[in-house]
Amino acid sequence: MTNERETRTGAVYAQVREEIFDGTLEPGRRLRLVEMATRFSVSQAVIREALTRLAAQGLVVAVPQQGFHVVTLSLADLEELTEARVEIECAALRLSIRRGDLAWEAGVVAAHHHLAATRPLPEGGGKADAAWFGVHERFHQSLLAGCANTRLLGVALSLRDAATIYRRWSVPIGHDYDRDVAGEHRALLNATVARDADLASDLLAQHIDRTSQALRASAERGSVK
């Protein structure tokens, strides 16, 4: 019985997590236990466990006496996180370009090849293929992996994890439909392989900041606090 409950909790957790990321469950949305239990045909206890797991990841907020709701993104937090990521990821990329060997370079090329061959983000506001985000993350991790500094790499990857929801919401919430993401990645790859640290770090900084630009505009429309 315990395993069955854990399975149901995991299924609800995965579905709600994806619906938060793709914007189906928008920022600040109230998550009512009774409604969700009916929708998923599970007990309220299962729903509560799934939402508690999501709260631990910062995707859901639990308010005493009020229940759960989807996190409302903080523009101030986004600005601080963007600044930190630009500083740390660009530093790690510069070290990767300086220290990375041929095996690292081949790994970057292979990761980009996989990314380029994966179904891209849809144009005009359709939902993205969730698999793309995993491949995208592996490409960015490969860029930083040659830095030969485990502490710096750990901080960079931790910041990237914290920014996951911002990246995922840049299209459904930020409505950034005109972005040439493939072109940005291709230019970043070319600068990295050419060992042009100045250009590569500039391109990475612009790439990171583009997500913030979309959500800043969204803040003006009242979608982000």
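Below are worked exercises on the predicted model shown above.

Residues are numbered from 1 along each chain as its sequence is written, and side-chain values use heavy atoms, with hydrogens and water left out. As the model is predicted, local features need pLDDT of at least 70 and side-chain atom pairs count only at pLDDT 80 or more, while totals for chains, interfaces and linings use all residues.

**Exercise 1. The sheet**

Task: Find the order of the strands in the open sheet of three strands, and state which strands are at the edges.

Solution:
- Step 1. Strands, like helices, are DSSP runs numbered from the N terminus (strands are E, at least two residues; helices are H or I, at least four). Two strands pair if DSSP finds at least two bridges between them.
- Step 2. Strand β1 (residues 30–31) runs antiparallel to strand β3 (residues 67–70), and two bridges join them. In this pair, arginine 30 stands opposite histidine 69, and leucine 31 faces phenylalanine 68.
- Step 3. Strand β2 (residues 60–63) is also antiparallel to β3, through four bridges. Here valine 60 lies opposite valine 70.
- Step 4. The order is therefore β1-β3-β2, with antiparallel pairing. β1 and β2 are the edge strands, as each pairs on one side only.
- Step 5. The connection between β2 and β3 is a hairpin with three residues between the strands. Glutamine 65, in that turn, has a positive phi of about 70°.

**Exercise 2. Helix α3**

Task: Check the length of helix α3 (residues 44–56) against the expected span, and locate its buried residues.

Solution:
- Step 1. The expected span is 1.5 Å times one less than the number of residues. For the 13 residues of α3 this gives 18 Å, and the end C-alpha atoms are 18 Å apart, so the two agree.
- Step 2. Buried means under 20% relative accessible area, exposed over 50%, and partly exposed in between (1.4 Å probe, protein chains only). In α3 the buried residues are Val46, Ile47, Ala50, Leu51 and Leu54.
- Step 3. These residues are on the same side of α3, because they cover an arc of only 125° around the axis. The arc is that of the directions from the helix axis to the C-beta atoms.
- Step 4. An α-helix has 3.6 residues a turn, so residues three or four places apart point the same way.
- Step 5. After α3 comes glycine 58, with a positive phi near 80°.

**Exercise 3. Arginine 160**

Task: Is arginine 160 buried or exposed, and which residues is it in contact with?

Solution:
- Step 1. Arginine 160 belongs to helix α7 (residues 150–162).
- Step 2. Its relative accessible area is 1%, so arginine 160 is buried.
- Step 3. Contact means heavy atoms within 4.5 Å. With neighbours within four places in sequence left aside, arginine 160 is in contact with Arg85, Glu89, His136, Glu137, His140 and Arg167.

**Exercise 4. Positive phi outside glycine**

Task: Where do alanine 148 and arginine 195 lie, and how is each classed by accessibility?

Solution:
- Step 1. Alanine 148 is in the loop between α6 (130–144) and α7. Its phi is positive, near 60°, although the residue is not glycine.
- Step 2. Alanine 148 is exposed because its relative accessible area is 64%.
- Step 3. Arginine 195 is in the loop between α9 and α10, just after α9. It is not a glycine either, and its phi is positive at about 60°.
- Step 4. Arginine 195 has 30% relative accessibility, so it counts as partly exposed.

**Exercise 5. The cavity**

Task: How many cavities of 30 Å³ or more does a search of the whole structure find, and which elements line the largest cavity?

Solution:
- Step 1. On a 1 Å grid over the protein atoms alone, a cavity is a set of points where a 1.4 Å probe fits but cannot get out; lining residues have an atom within 4 Å of a point. Grid points are joined across faces, edges and corners, and a volume is the space filled by probe spheres set on the points.
- Step 2. The search finds one cavity of 30 Å³ or more. The largest cavity holds about 50 Å³ of space.
- Step 3. Its lining residues are Leu78, Leu81, Thr82, Arg85, Ala163, Tyr166, Arg167, Ile208, Thr211 and Ser212.
- Step 4. The elements that give two or more residues to this lining are α4 (75–99), α8 and α10 (197–220). α4 gives the most, with four residues.

Notes:
1 Å grid on protein atoms, 1.4 Å probe; cavity = no way out; pocket = protein on both sides within 12 Å on 5 of 7 lines; lining within 4 Å.
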